[in-house]
Amino acid sequence: MNLSALRADTPGAAERVHLNNAGAALMPTPVVRAVVDHVELEARIGGYEAADEVAPGIERAYADVAALLGTTPDRVAFMEHATAGFVAALSAIPFRPGDVIATTRHDYVSNQIQYLSLAERFGVEVVRVPDAPEGGVDLGAMEATIHRRRPKLVAVTHIPTNSGLVQDVASIGAMCRARDVPFLVDACQSVGQMPLDVEAIGCDFLSATARKFLRGPRGAGFLYVSDRTLDRGLEPLFPDLRGADMVAGNIYQPAPDARRFESWEFQWGLVLGTGAAGRYAMDVGLEGIRDRARELAGRLRASLAELPGVSVLDRGSELGAIVTASVSGHDPAALVRELRRRGVNTSSQTRLDAVLDYDEKGVAGALRVSPHYYNTVDEVETFLGHLAEITSPR
């Protein structure tokens, strides 16, 4: 990994110490150019005409995202954002009163809210499988839940936004396949941070965003849809004319592939940027990306644990590149503001961002630090030095 070249490809690296990749990573130049060039083309020749002109590039973006996931382009749907993809997948499940959604205590808070909305509106039962002692979902309890409750859907967040935890989605996928239970994975924080293979995971849906560790643009995401899902005839609750054809007065026909989940209107520059981000990540090498990001995160955890009043909150047998910590006597949002004033980007969370996890850990929120492969050891040390100075007794 040529770190100097990668940083030269990252204009923002010269201006900030960016340790907020779990929020929105710095885009590399090829991604920026893909987005900007298309917007400029739209300005010159018109939006519809520009989309027609770059049609081969759009098809390449499908292929690039498919390669990133270990699938084929016809199993990829582009979405406005990850939540749109996740909701479209949820809407495809024909829930009835008494049906069960099995999930974990570490699902993204928006996902948890959506499950509760389904419970309120349709009488669905939400079963949160308990954690293992080391952290993360207890796989034995998950298998027992799938076997005994026969859920209509199992939905799991691969890497929570509020923790370094990496959940074992492949083992859960094997359980779901063995019992023919649909499996939905939220991969917002794992795509671009580590290698993903949807066949190895065994999921029926996988939703993700472009802006986080994939280093793509904001306002773009995608949804993987499996062969099994399409063979079942599942489709979103509210298809539109991109995802379906109205073939007679009272008959419509969904698209035969994953594009049945898409909407007609896109900012195609963001799709092109997402494809460019996928290519860039694969060119760098996802194994190397994973190893370097986790090395920097491990250094952060070890050093933070030595600072007075700092408690590292991450738990699990496998930890990724998100580091969360509470700092006694300091509001996380205030820490983020002061660090940003000093040129260091991090992020903060409150209890409402992860009620189940933070209540169990007994904290009201956390400082979140998320390095990526283009960060340096010096940047990690710069952050640690500033944090120690900010939190030291006056």
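**Exercises on salt bridges, sheets and backbone angles**

**Exercise 1.** In this predicted model, Asp37 and Arg33 lie four residues apart in helix 2 (residues 29–45) and are therefore separated by about one helical turn. Determine which contact their side chains make, and how accessible Asp37 and Arg33 are.

*Solution.*
Step 1. The contact is a salt bridge between the side chains of Asp37 and Arg33, with an N to O distance of 2.7 Å.
Step 2. Buried means under 20% relative accessible area and exposed means over 50%, with partly exposed in between.
Step 3. Asp37 has a relative accessibility of 39% and therefore counts as partly exposed. Arg33, at 37%, is likewise classed as partly exposed.

**Exercise 2.** Locate Asp314 and Arg301, which form a salt bridge, and decide whether each is buried or exposed.

*Solution.*
Step 1. The closest approach of the two side chains, N to O, is 2.8 Å.
Step 2. Asp314 belongs to the loop between strand 11 (310–312) and strand 12 (323–327), whereas Arg301 belongs to helix 12 (residues 286–304); the pair links distant parts of the chain, 13 residues apart.
Step 3. With a relative accessibility of 10%, Asp314 is buried. Arg301 is also buried, its relative accessible area being 12%.

**Exercise 3.** State how many salt bridges the structure holds, and identify which residues are joined into one network by shared partners.

*Solution.*
Step 1. The total is 24 salt bridges.
Step 2. One of them joins Glu338 to Arg342, with the closest N and O atoms 2.8 Å apart. Arg342 has a relative accessible area of 24% and is thus partly exposed.
Step 3. The network consists of Asp180, Asp204, Arg228 and Arg232, connected by salt bridges that share partners.

**Exercise 4.** Describe the open sheet of seven strands: its strand order and pairing, its edges and its average twist.

*Solution.*
Step 1. The strands follow the order 2-8-7-6-5-3-4, and the pairing is mixed.
Step 2. The edges are formed by strand 2 (76–79) and strand 4 (125–129); each has a single partner strand, so one side of each has no neighbour in the sheet.
Step 3. From one strand to the next, the twist averages 20°.

**Exercise 5.** Characterise strand 6 (residues 183–186) by the direction of its side chains, its partner strands and the residues that stand opposite one another.

*Solution.*
Step 1. Phe183 and Val185 point to one side of strand 6, while Leu184 and Asp186 point the other way; all are buried.
Step 2. Strand 6 pairs with strand 5 (residues 153–157) in the parallel sense over four bridges. The chain passes from strand 5 through helix 8 (residues 169–178) to strand 6, a β-α-β crossover that is right-handed.
Step 3. Strand 6 also pairs in the parallel sense with strand 7 (residues 205–209), over three bridges.
Step 4. Leu184 in strand 6 faces Ala155. Asp186 has Thr157 opposite it, and Ser207 in strand 7 also stands opposite Asp186.

**Exercise 6.** Describe the open sheet of four strands: its order and pairing, its edges and the average angle between neighbouring strands.

*Solution.*
Step 1. The order is 11-12-15-14, with antiparallel pairing.
Step 2. Strand 11 and strand 14 (347–350) occupy the edges; each has a single partner strand, so one side of each is left free of a neighbour in the sheet.
Step 3. Neighbouring strands of this sheet are turned by 35° against each other on average, direction ignored.
Step 4. Strand 14 and strand 15 (residues 365–369) pair in the antiparallel sense over four bridges. Within this pair, the bridge partner of Thr350 is Gly365 in strand 15.

**Exercise 7.** Explain why a positive phi is noted for residues other than glycine, then locate Arg150 and Arg215 and state their accessibility.

*Solution.*
Step 1. Most residues other than glycine have a negative phi.
Step 2. Arg150 has a positive phi of about 45°. Arg150 is placed in the loop between helix 7 (139–149) and strand 5, and its relative accessibility of 47% makes it partly exposed.
Step 3. Arg215 has a positive phi of about 70°. Arg215 is placed in the loop between strand 7 and strand 8 (221–225), and with 1% relative accessibility Arg215 is buried.

**Exercise 8.** Identify which residues form a nonpolar patch on the surface, and locate Trp264.

*Solution.*
Step 1. The patch is formed by Tyr48, Leu241 and Trp264, which together have about 380 Å² of accessible area.
Step 2. Trp264 lies in the loop between strand 10 (251–254) and helix 11 (268–284).
Step 3. The relative accessible area of Trp264 is 38%, so Trp264 is partly exposed.

Conventions. Residues are numbered from 1 along each chain as its sequence is written. This is a predicted model: local features need pLDDT of at least 70, side-chain atom pairs count only at pLDDT 80 or more; totals for chains, interfaces and linings use all residues. Side-chain values use heavy atoms; hydrogens and water are left out. Patches are made of residues with over 30% relative accessible area and no salt bridge: like charges are joined within 9 Å, nonpolar side chains (Val, Leu, Ile, Met, Phe, Trp, Tyr) within 5 Å. Accessible areas come from the Shrake-Rupley method with a 1.4 Å probe; for residues, only the protein chains shown count as cover. A salt bridge is a side-chain nitrogen of Lys or Arg within 4 Å of a carboxyl oxygen of Asp or Glu. Helices (H or I, at least four residues) and strands (E, at least two) are DSSP runs, numbered from the N terminus. Buried means under 20% relative accessible area, exposed over 50%, partly exposed in between (1.4 Å probe, protein chains only). Two strands pair if DSSP finds at least two bridges between them. A crossover is right-handed if, with the strands pointing away from the viewer, the path from the first strand over the helix to the second runs clockwise. Axes are lines fitted to C-alpha atoms, for helices over the stretch in contact, and angles run from 0 to 180 degrees between N-to-C directions.
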